[in-house]
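Reader: I should be grateful for a close examination of one part of this structure, namely its nonpolar core. Please also set that part in the context of the whole protein.

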Amino acid sequence: ILGGIGSAEQNMERYLAWKGIRSSYPNRSGAQNFLVDGVQWIPWSRTGDSLVVSHGNNELRVSSSALRSGALTVKMPQPGGTSLSNGTLLIRYRSSEFFSGVITLEGGPSIPRNEIFVRFDATDTDRSIQIPMPATPGLDSITELVILFDEQQVPLPMDLILTRFEFIPAE
């Protein structure tokens, strides 16, 4: 109900202040661009499929000649992780094929695993995925994101170009 009337953020801030956890709940990390140097993009596959990641011209290309199962681990450069709380995760992409998958947000031992289901449509023009991220302590110390693409029955070629992958805190 609180989310429906647009007061969930304010109520979370009041609750955290009341509990003495924080006096307010702003995003402590600020805007985060995950396509910059220092952020590690590690490709891997449970089935041994070849998955190649290359950087260039402010974009990241993920490609494979035949992918049945693949994933990307995105490691944050900050040792204690980064806050993805209270803002929007923005992904802008182009893809040769339709792919769906799950983005898992991982942090320290006290951070619960959070999963976001995504789909990358086949398109030759930029498309955007905007994921609202709530103001919650569970998104405060994210050390890595794991993008696990759904397993394919038949291996498909992959050519996914990420032109933006960033977190934008709420104003």
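Author: The following account passes from the overall fold to the core and then to one polar residue.

The model is a predicted one. Its secondary structure consists of one helix and eleven strands, and the order along the sequence is α-β-β-β-β-β-β-β-β-β-β-β. Of the 171 residues, 40% count as buried. Among contacts between residues at least 6 apart in sequence, 78% join residues at least 24 apart. The accessible surface comes to about 9,100 Å², and carbon and sulfur atoms account for 51% of this area.

The largest nonpolar core comprises 35 residues, and Phe34, Trp41 and Leu162 have the most contacts inside it. Two or more residues each are supplied by S4 (59-67), S5 (71-75), S6 (87-95), S7 (99-107), S8 (114-120), S9 (123-133), S10 (142-149) and S11 (156-169). Strand S11 provides the largest share, five residues.

Trp41 illustrates the contacts in detail. Setting aside residues up to four places away in sequence, Trp41 touches Phe34 and Leu162, the two residues named with Trp41 for the most contacts inside the core. Other partners of Trp41 include Val53, His55, Leu60, Leu72, Ile147 and Phe165.

Strand S11 also holds a polar residue, Thr163. Thr163 counts as buried because its relative accessible area is 16%, which lies under the 20% cut-off. The side chains of Thr163 and Asp126 are joined by a polar contact of 3.2 Å. Beyond its neighbours within four places in sequence, Thr163 is in contact with Asp126 and also with Leu35, Asn58, Glu59, Arg92, Tyr93 and Arg94.

Conventions. Residues numbered from 1 in each chain as written. Predicted model: local features only at pLDDT ≥ 70, side-chain atom pairs only at ≥ 80, totals over all residues. Heavy atoms only, no water. Core = buried A, V, L, I, M, F, W, Y, C linked by side-chain atoms within 4.5 Å. Buried < 20%, exposed > 50% of the residue type's maximum accessible area, 1.4 Å probe, protein only. Helix = DSSP H or I, 4+ residues; strand = E, 2+ residues; numbered from the N terminus. Contact = heavy atoms within 4.5 Å. Areas by Shrake-Rupley, 256 points an atom, 1.4 Å probe, with all protein chains shown as cover. Polar contact = N/O pair within 3.5 Å; in protein donor to acceptor, adjacent residues only side chain to side chain.
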